[in-house]
Amino acid sequence: MLIAAMSITGITVYKTSDVSATTTNKIKYKDFLKANGKVLKNNYGQGDTVYLRGTNAGGYMLQEFWLTPTDYTANVTDQTDLINTLTNRFGSDAAKTLINTYESNYWKESDFDTCASLGINCIRLPIWYRNFVDENNNWYSNAFDRVDWFVEQAGKRGIYVIIDMHGAYGSQNGSHNSGIYGGSTNQQKRDNSKLFFGTDAATNQAKFYEMWYKIADHYKNNPVVAGYDLLNEPMADYMSDSGLNETKQERLSILWNVYDKAYKRIRTVDTNHIIMMEAVWDPDTLPNPTEKGWENVVYEYHQYMYGDYDNASGTQISSMQSKIDSINSAAHNVPSYI
């Protein structure tokens with residue numbers, strides 16, 4: 001499906017050996033990526049065109065259960081439940097040790113070698129706010145250690161890393177993939193998206209902007225980091241639900257305002273890294289970037305076709321073509337990432 005999608009868009013399709021990322025192909029400052037029109041180029045946007053081809057690190061630093069070997073139980077529906085359950089059973093220190101043991105063994109150096117051998121040149125790394133702070137919002141003294149290690153190991157093999165805020169303060173979608181499960185209905189998910197709604201929204205947003213500021217300040221000169229993915233699947237399941245408290249356009253206005261403020265906060269410390277904004281799910285949920293004054297941004301789209309994994313009915317390809325057509329019709333002069 002990926003090769004077909006690349007072919008449809010006119011992207012050159014290489015054999016694995018042509019894009020192999022090895023330990024002798026380390027990412028250096030000349031490899032720093034920036035957007036240039038609808039493509040990414042290295043050398044701060046002035047060099048060669050680079051196409052990101054890779055995978056997602058999965059439920060590593062935040063357990064999204066369909067991406068992990070773990071699963072729901074009656075009492076554990078998200079990462080917050082997991083932390084609370086382990087803490088209640090074994091105490092806070094032991095809970096942290098258990099989670100650290102899981103994370104330390106989820107990704108190993110050999111996994112980066114495998115990715116490199118497959119020709120992967122980019123890994124999207126899902127994180128959540130609790131990787132950096134405790135339950136009282138106190139920053140850990142070693143807050144960046146694990147992400148630093150991941151970025152270092154990837155860079156040694158010529159692999160870029162996208163830092164993806166998969167779970168923000170208060171939750172951006174009320175779904176378990178944010179670390180906080182709000183419930184099964186769209187109304188419950190909307191009401192428990194406390195980054196956007198409720199009495200704590202403004203406070204959560206302020207902490208969200210500050211966290212991105214610190215992340216950007218930490219990685220501002222690191223060429224291995226391809227970009228900052230601001231929010232994973234914000235308002236995902238209920239964005240288009242007309243039966244909730246506000247219209248779709250009102251929700252989009254809230255989302256775009258958060259994107260804009262996060263963009264501006266990051267730009268106070270990092271003017272070079274790409275900032276990625278996610279659609280939900282199509283281009284009509286993202287604004288014209290020029291109207292917002294956004295530069296060096298990438299628009300991100302998620303694409304799922306659960307019912308036809310092997311493309312037996314042809315819907316993987318036709319669905320991808322439809323997505324590409326909608327992106328082209330939107331005519332935003334920014335690179336597109338799925």
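## Notes on a predicted model: salt bridges, a surface patch and some unusual angles

1. Let us begin in helix 6. Glu152 and Lys156 form a salt bridge there, and their closest N and O atoms are 3.9 Å apart. Please keep in mind as you read on that this is a predicted model. The two residues sit four places apart in helix 6, which is about one turn of the helix. Are they buried or exposed, or something in between? Glu152 has a relative accessible area of 44%, so it counts as partly exposed. Lys156, at 35%, is partly exposed too.

2. How many salt bridges does a search of the whole structure find? The count is 19. As background, side chains of opposite charge can pair when their charged atoms come close. The next points look at further examples.

3. Have a look at Arg157 and Glu109, a salt bridge whose closest N and O atoms are 3.7 Å apart. Arg157 is in the loop between helix 6 (145-156) and strand 6, while Glu109 belongs to helix 5 (residues 109-117), so this pair ties together parts that are 48 residues apart in sequence. The partners have their own surroundings: Arg157 is buried because its relative accessible area is 5%, and Glu109 is partly exposed because its value is 41%.

4. Now find Asp229 and Arg124. Their salt bridge brings the closest N and O atoms to 3.0 Å. Asp229 is in strand 7 (residues 225-229) and Arg124 is in strand 5 (residues 122-128), so the pair links distant parts of the chain, 105 residues apart. Both Asp229 and Arg124 are buried.

5. Next comes Asp164, a residue of strand 6 (residues 160-167). Is Asp164 buried or exposed? Its relative accessibility is 0%, so it counts as buried. The side chain of Asp164 makes a polar contact of 2.6 Å with the side chain of His166. Leaving aside residues up to four places away in sequence, Asp164 touches Arg124, Leu125, Pro126, Ile127, Asp229, Asn232 and Glu278. You have already met Arg124 and Asp229 as partners in a salt bridge.

6. For a patch on the surface, turn to Trp66, Tyr304, Tyr306 and Tyr309. These residues make a nonpolar surface patch of about 530 Å². Trp66 is found in the loop between strand 4 (54-56) and helix 3 (79-90). With a relative accessibility of 51%, Trp66 counts as exposed, because the cut-off for that word is over 50%.

7. Gln303 is another loop residue, placed between strand 9 (297-300) and helix 11 (315-330). Why does Gln303 count as buried? Its relative accessibility is 19%, and buried means under 20%, so Gln303 falls within that class. The side chains of Gln303 and Ser319 share a polar contact of 2.6 Å. Apart from residues up to four places away in sequence, Gln303 touches Ser319, Met320, Lys323 and Ile338.

8. There is an open sheet to trace as well. Three strands form it in the order 1-2-3, with antiparallel pairing. Which strands are at the edges? They are strand 1 (34-36) and strand 3 (49-50), each of which pairs on one side only. Strand 2 (residues 39-41) pairs with strand 3 in the antiparallel sense over two bridges. Here Leu40 stands opposite Val50 in strand 3.

9. Finally, some backbone angles deserve a look. Most residues other than glycine have a negative phi, and most peptide bonds are trans. Where is the cis peptide bond? It joins Val280 and Trp281, with omega about -5°. Trp281 is in the loop between strand 8 (274-278) and helix 10 (289-292).

10. Two asparagines are worth checking for their phi values. Asn43 has a positive phi near 50°; this residue is in helix 2 (residues 42-45) and, at 38% relative accessibility, counts as partly exposed. Asn296 has a positive phi near 55°. Asn296 is in the loop between helix 10 and strand 9, and its relative accessibility of 13% means that Asn296 counts as buried.

Conventions
Residues numbered from 1 in each chain as written. Predicted model: local features only at pLDDT ≥ 70, side-chain atom pairs only at ≥ 80, totals over all residues. Heavy atoms only, no water. Buried < 20%, exposed > 50% of the residue type's maximum accessible area, 1.4 Å probe, protein only. Polar contact = N/O pair within 3.5 Å; in protein donor to acceptor, adjacent residues only side chain to side chain. Contact = heavy atoms within 4.5 Å. Patch = residues over 30% accessible without salt bridge, like charges linked within 9 Å, V, L, I, M, F, W, Y side chains within 5 Å. Areas by Shrake-Rupley, 256 points an atom, 1.4 Å probe, with all protein chains shown as cover. Salt bridge = Lys/Arg side-chain N within 4 Å of Asp/Glu carboxyl O. Pairing = 2+ DSSP bridges.
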